[in-house]
Amino acid sequence: AEVVERLLRAHAALVAVAPAVAFNGTSGLETTLYGLLLSVGLDAGPGAARPPVRIDAEEVRYSYKERTVTFIGRPAVRMTREDSTLSCRQAVADNDAEGRIVRATCTGDVRLTRGTRTVTCETAVYVEATAQVTCRGAEGRPVLLTDGPSTVAGKELVYDLDADLVTLRGQVVGDIVPPEKVAPRRKGSRP
(Lines give C-alpha, C1' and ligand atoms only; values in the text may rest on other atoms or scores of the structure.)
Protein backbone atom coordinates (compact mmCIF):
# COMPACT_ATOMS: atom_id res chain seq x y z
CA ALA A 1 0.00 0.00 0.00
CA GLU A 2 2.88 2.37 0.79
CA VAL A 3 4.44 1.81 -2.63
CA VAL A 4 1.10 2.44 -4.35
CA GLU A 5 0.66 5.66 -2.34
CA ARG A 6 4.14 6.88 -3.36
CA LEU A 7 3.46 6.03 -7.01
CA LEU A 8 0.18 7.95 -6.89
CA ARG A 9 1.96 10.96 -5.33
CA ALA A 10 4.67 10.78 -8.00
CA HIS A 11 2.03 10.57 -10.74
CA ALA A 12 0.17 13.57 -9.30
CA ALA A 13 3.42 15.52 -9.16
CA LEU A 14 4.22 14.66 -12.77
CA VAL A 15 0.80 15.90 -13.81
CA ALA A 16 1.40 19.08 -11.79
CA VAL A 17 4.71 19.79 -13.56
CA ALA A 18 3.51 18.77 -17.03
CA PRO A 19 3.34 22.43 -18.18
CA ALA A 20 7.04 22.76 -17.28
CA VAL A 21 8.00 20.02 -19.73
CA ALA A 22 8.86 21.52 -23.11
CA PHE A 23 10.88 20.65 -26.17
CA ASN A 24 13.87 22.80 -26.99
CA GLY A 25 15.25 22.40 -30.48
CA THR A 26 18.91 22.58 -29.42
CA SER A 27 19.10 20.62 -26.20
CA GLY A 28 16.25 18.13 -26.38
CA LEU A 29 13.74 17.63 -23.60
CA GLU A 30 14.28 19.85 -20.57
CA THR A 31 12.37 18.87 -17.43
CA THR A 32 11.84 20.81 -14.24
CA LEU A 33 11.53 18.25 -11.48
CA TYR A 34 10.52 20.43 -8.54
CA GLY A 35 7.01 18.97 -8.21
CA LEU A 36 8.33 15.42 -8.58
CA LEU A 37 10.84 15.98 -5.77
CA LEU A 38 8.14 17.36 -3.52
CA SER A 39 6.28 14.10 -3.98
CA VAL A 40 9.20 12.04 -2.67
CA GLY A 41 9.65 14.27 0.33
CA LEU A 42 12.70 16.44 -0.36
CA ASP A 43 10.70 19.46 0.81
CA ALA A 44 9.17 18.76 4.20
CA GLY A 45 6.42 21.36 3.60
CA PRO A 46 5.21 24.30 5.69
CA GLY A 47 7.14 24.87 8.90
CA ALA A 48 10.06 22.77 7.70
CA ALA A 49 13.47 23.63 9.07
CA ARG A 50 15.13 23.30 5.65
CA PRO A 51 14.33 25.35 2.55
CA PRO A 52 13.26 23.39 -0.54
CA VAL A 53 15.77 22.18 -3.11
CA ARG A 54 14.91 22.52 -6.80
CA ILE A 55 16.50 20.11 -9.27
CA ASP A 56 16.64 20.60 -13.03
CA ALA A 57 17.74 17.58 -15.09
CA GLU A 58 17.35 16.05 -18.53
CA GLU A 59 16.53 12.58 -17.23
CA VAL A 60 15.56 10.93 -13.93
CA ARG A 61 15.69 7.22 -13.00
CA TYR A 62 14.08 5.76 -9.88
CA SER A 63 15.18 2.52 -8.27
CA TYR A 64 12.52 1.78 -5.67
CA LYS A 65 14.32 -1.42 -4.66
CA GLU A 66 17.61 0.40 -3.90
CA ARG A 67 15.94 3.66 -2.75
CA THR A 68 17.98 5.78 -5.17
CA VAL A 69 17.15 8.45 -7.72
CA THR A 70 19.63 9.21 -10.49
CA PHE A 71 19.49 12.60 -12.21
CA ILE A 72 21.32 13.02 -15.51
CA GLY A 73 22.04 16.37 -17.09
CA ARG A 74 22.76 17.28 -20.66
CA PRO A 75 24.79 19.35 -20.15
CA ALA A 76 24.26 19.59 -16.35
CA VAL A 77 22.03 18.68 -13.43
CA ARG A 78 21.35 21.77 -11.29
CA MET A 79 20.35 21.58 -7.62
CA THR A 80 19.32 24.99 -6.26
CA ARG A 81 18.71 25.74 -2.57
CA GLU A 82 17.99 29.41 -1.87
CA ASP A 83 21.00 31.30 -3.31
CA SER A 84 23.25 28.22 -3.75
CA THR A 85 23.50 26.15 -6.93
CA LEU A 86 25.28 22.81 -7.23
CA SER A 87 25.72 21.61 -10.80
CA CYS A 88 27.21 18.41 -12.24
CA ARG A 89 26.73 15.89 -15.01
CA GLN A 90 25.09 13.29 -12.76
CA ALA A 91 23.62 13.24 -9.26
CA VAL A 92 22.64 10.07 -7.39
CA ALA A 93 20.32 10.64 -4.44
CA ASP A 94 19.75 8.20 -1.56
CA ASN A 95 16.28 8.03 -0.02
CA ASP A 96 15.20 7.06 3.48
CA ALA A 97 12.48 4.49 4.20
CA GLU A 98 9.78 7.14 3.67
CA GLY A 99 11.17 8.13 0.26
CA ARG A 100 12.78 11.42 1.32
CA ILE A 101 16.09 12.32 -0.29
CA VAL A 102 18.70 12.44 2.47
CA ARG A 103 21.93 12.65 0.48
CA ALA A 104 22.98 13.40 -3.10
CA THR A 105 26.36 12.59 -4.66
CA CYS A 106 27.36 14.71 -7.65
CA THR A 107 30.01 13.72 -10.21
CA GLY A 108 31.38 15.17 -13.42
CA ASP A 109 32.26 18.88 -13.85
CA VAL A 110 31.03 19.68 -10.32
CA ARG A 111 30.52 23.36 -9.51
CA LEU A 112 29.00 24.97 -6.40
CA THR A 113 28.15 28.67 -6.60
CA ARG A 114 26.88 31.05 -3.94
CA GLY A 115 27.10 34.79 -4.37
CA THR A 116 30.63 35.67 -5.53
CA ARG A 117 32.02 32.30 -4.40
CA THR A 118 32.55 29.36 -6.78
CA VAL A 119 33.85 25.91 -5.85
CA THR A 120 34.96 23.43 -8.51
CA CYS A 121 35.80 19.81 -7.72
CA GLU A 122 35.67 16.20 -8.85
CA THR A 123 32.87 15.00 -6.53
CA ALA A 124 30.48 16.69 -4.12
CA VAL A 125 28.12 15.18 -1.54
CA TYR A 126 25.12 17.17 -0.29
CA VAL A 127 23.64 15.97 3.03
CA GLU A 128 20.13 17.29 3.70
CA ALA A 129 20.18 16.82 7.50
CA THR A 130 23.26 19.03 7.96
CA ALA A 131 22.83 21.27 4.88
CA GLN A 132 26.50 20.66 4.08
CA VAL A 133 28.24 20.09 0.76
CA THR A 134 31.55 18.20 0.93
CA CYS A 135 33.72 18.64 -2.17
CA ARG A 136 36.75 16.49 -2.97
CA GLY A 137 39.38 16.77 -5.66
CA ALA A 138 41.06 14.03 -7.63
CA GLU A 139 44.73 13.14 -7.98
CA GLY A 140 46.38 16.20 -9.47
CA ARG A 141 43.12 18.18 -9.41
CA PRO A 142 42.46 19.89 -6.08
CA VAL A 143 39.24 21.53 -4.94
CA LEU A 144 39.34 25.16 -6.05
CA LEU A 145 37.54 27.99 -4.23
CA THR A 146 37.33 31.40 -5.89
CA ASP A 147 35.78 34.47 -4.30
CA GLY A 148 36.19 37.50 -6.51
CA PRO A 149 39.94 37.84 -7.17
CA SER A 150 40.88 35.40 -4.35
CA THR A 151 41.68 31.77 -5.19
CA VAL A 152 42.42 28.97 -2.71
CA ALA A 153 42.95 25.25 -3.38
CA GLY A 154 42.99 22.14 -1.18
CA LYS A 155 42.08 18.46 -1.07
CA GLU A 156 38.67 18.78 0.61
CA LEU A 157 36.17 21.57 1.18
CA VAL A 158 33.11 21.51 3.44
CA TYR A 159 30.51 24.23 2.85
CA ASP A 160 27.91 24.62 5.61
CA LEU A 161 25.06 26.31 3.73
CA ASP A 162 23.10 27.28 6.87
CA ALA A 163 26.07 28.91 8.62
CA ASP A 164 27.63 30.18 5.33
CA LEU A 165 30.91 28.70 6.56
CA VAL A 166 33.61 27.20 4.32
CA THR A 167 36.33 24.89 5.68
CA LEU A 168 39.16 23.90 3.32
CA ARG A 169 41.59 21.12 4.32
CA GLY A 170 44.63 19.31 2.98
CA GLN A 171 47.60 21.15 1.51
CA VAL A 172 45.73 24.45 1.30
CA VAL A 173 47.43 27.06 -0.89
CA GLY A 174 46.22 30.19 -2.59
CA ASP A 175 46.07 33.93 -2.92
CA ILE A 176 43.66 35.95 -0.79
CA VAL A 177 43.08 39.44 -2.15
CA PRO A 178 41.45 41.85 0.30
CA PRO A 179 38.32 43.57 -0.96
CA GLU A 180 38.71 47.07 -2.34
CA LYS A 181 38.62 49.67 0.36
CA VAL A 182 35.62 51.92 0.07
CA ALA A 183 36.34 55.59 0.68
CA PRO A 184 34.19 57.00 3.49
CA ARG A 185 31.38 59.26 2.35
CA ARG A 186 31.53 62.90 3.26
CA LYS A 187 28.70 64.25 5.33
CA GLY A 188 25.83 65.35 3.10
CA SER A 189 27.12 63.53 -0.02
CA ARG A 190 24.98 61.12 -2.00
CA PRO A 191 25.95 57.47 -2.40
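I take buried to mean under 20% relative accessible area, with exposed over 50% and partly exposed in between (1.4 Å probe, protein chains only). I am working on a predicted model, in which local features need pLDDT of at least 70 and side-chain atom pairs count only at pLDDT 80 or more, while totals for chains, interfaces and linings use all residues. Residues are numbered from 1 along each chain as its sequence is written, and side-chain values use heavy atoms, with hydrogens and water left out.

**Cysteines.** I looked for disulfides, that is, pairs of cysteine sulfur atoms within 2.5 Å, and found zero. The sulfur of Cys88 has its closest cysteine sulfur in Cys106, at 3.5 Å, which is too far for a bond. Cys88 counts as buried at 1% relative accessibility, and Cys106 counts as buried at 0%.

**Core.** I then looked up the largest nonpolar core (buried Ala, Val, Leu, Ile, Met, Phe, Trp, Tyr and Cys residues joined through side-chain atoms within 4.5 Å), and noted that Phe71 and Leu86 touch the most other members among its 30 residues. With strands taken as DSSP runs (E, at least two residues) numbered from the N terminus, the largest share of this core, five residues, comes from strand 7.

**Cavity.** On a 1 Å grid over the protein atoms alone, I count as a cavity a set of points where a 1.4 Å probe fits but cannot get out, with lining residues having an atom within 4 Å of a point. There are three cavities of 30 Å³ or more, and the second largest has a volume of about 80 Å³, being the space filled by probe spheres set on the points, which are joined across faces, edges and corners. Its lining residues include Met79, Arg81 and Leu86, and strand 6 gives the most to this lining, with three residues.

Terms used. Helices (H or I, at least four residues) and strands (E, at least two) are DSSP runs, numbered from the N terminus. On a 1 Å grid over the protein atoms alone, a cavity is a set of points where a 1.4 Å probe fits but cannot get out, and a pocket is an open set with protein on both sides within 12 Å along at least five of seven lines; lining residues have an atom within 4 Å of a point.
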